[in-house]
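Biologist: I am new to this structure and would like to go through it step by step. Please show it to me before we start.

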Amino acid sequence: MGNLAGRAQQRFEEIFDREPEGIWAAPGRVNLIGEHTDYNGGLCLPIALPQRTYAAAAPRTDDIIRVASLDFDTIAQIDLAQVSPGVPSGWLGYVAGTIWALREFGFLVHGLDLAITSEVPIGAGLSSSAALEAAAGAAASGIFDLGLLRDDTARTTLVEACRRAENYIVEAPTGGLDQTASIRCQAGHALLIDFAEGASASPIPFDTAGHGLSLVVMDTRAEHKLVDGQYAQRRESCEQAAKVLGVDLLSQLTVSDLDWALARLEDETTGRRVRHVLTEIERVRQCCAALEVDDFATVGELFNASHASLRDDYEVSCPELDTAVEAATRAGALGARMTGGGFGGSAIALAPADRVHEITQSVEQAFAAQGWNTPSVFAVQACGPAHRVADEDILTDGADK
Ligand code: GAF
């Protein structure tokens, strides 16, 4: 993997011919359970990944955002005054949009030079976009002394800026799960986020290794996108259903209202969408209760039930995700499910640590049998959130070029 912080620093010096003021890092995420619930005001339970995006940065005296991406080998720039819905397009929108949003929120920010690199795979449903926003926002906060990494309340403001960039500038109608995970998760813990309560969040201990278990990510390499119409359609049908049912958000109902709700919804498909949302919120509650007593068998069953609901009721899975989940379960996982928005991307499996090899083989064989790209299968732990990289952790000697 090399030392990405060191690489970002070296590249910054080569491109901009000066030293960066610091390096900031922000992680990708997997959501353990609670999918497509955030924009319904429901519960989610993500962890932050060890894979991070790194941004080396220094201030400018003008309002230009200039970004060197090591991964795409490009340099792009835009004046903050030009940032608007859809502009700039592509990955620069996440970076410039976040800095623009901080200014919109009333913070005194100017232009920045940034060199960015990432080990969060792009299009894998592991929140590479949120990691990019969070790394850029954390860098701007550090450089302009905004204090947005200081405590959880300040971090919530940074989450909102990243979310505004994604919803308003990138025009992806996402719900806040990914940014909250990247900026507010804690190492060794999952984060129970309640989107009904202004995104209040409580850390829940999540120590797989201590229980002889592994959380395995299966990146199917079937690319997923949030800016195409499917995600927006799901969100819209939930909003329509809420209107018919006389609530602002579906999370104001519970599973005990399900029969009542289904009887009022004429459209069968909309009924299934609502059933997913209400049962999924309940599964998050049950998952937290199971984690509290180290009942990982129940956590696995809840993963399986969540996947079935996303596949059959919410219809956001795809053959690659279903195959990964089935192959992992066959090879001894306690449970498995797609994670993130769906339509491609990654699945996760909770498994005894000594089954990881079999699971990897089983998933790879199932994909080979279909003639699909080889999936990338790896174990992860719950890691810490966006932060400034300590000087002693930036190793430029021997950093990959
Ligand atoms: C994507 C979105 F960005 C999140 O807001 C969330 O809705 C998720 O899909 C589904 O749970 O990651």
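Modeller: Helices (at least four residues) and strands (at least two) are DSSP runs, numbered from the N terminus. Note also that this is a predicted model.

Biologist: In which strand does Leu-191 lie?

Modeller: The strand in question covers residues 189-194, and Leu-191 falls inside that run. The element is strand S7.

Biologist: Is Leu-191 buried or exposed?

Modeller: A residue counts as buried if 20 or more other C-beta atoms lie within 10 Å of its own. Leu-191 has 25 other C-beta atoms within 10 Å, so Leu-191 is buried.

Biologist: How far apart are the C-alpha atoms of Leu-191 and Asn-31?

Modeller: Along the chain, Leu-191 and Asn-31 are 160 residues apart. In space, their C-alpha atoms are separated by 9.3 Å.

Biologist: Into which domains is the protein divided?

Modeller: There are two sets of bounds to look at, and one of them is made of two segments. The division gives domain 1 (2-204 + 383-389) and domain 2 (209-380).

Biologist: How many residues does the contact take from domain 1 and from domain 2?

Modeller: The C-alpha centres of domain 1 and domain 2 lie 25 Å apart. The contact between them takes 29 residues from domain 1 and 38 residues from domain 2.

Biologist: Where does the ligand lie with respect to domain 1 and domain 2?

Modeller: Of the 13 residues around the ligand, those that come nearest include Glu-35 and Gly-341. Both domains give residues to the shell around the ligand, so the ligand lies between domain 1 and domain 2.

Methods: Residues are numbered from 1 along each chain as its sequence is written. This is a predicted model: local features need pLDDT of at least 70, side-chain atom pairs count only at pLDDT 80 or more; totals for chains, interfaces and linings use all residues. A residue is near a molecule or strand if its C-beta atom, placed from the backbone, lies within 6 Å of it. Domain bounds come from an automatic or database domain assignment. Two residues are in contact if their C-beta atoms, placed from the backbone, lie within 7 Å. A residue is buried if 20 or more other C-beta atoms lie within 10 Å of its own, exposed if 12 or fewer, and partly exposed in between; C-beta atoms are placed from the backbone.
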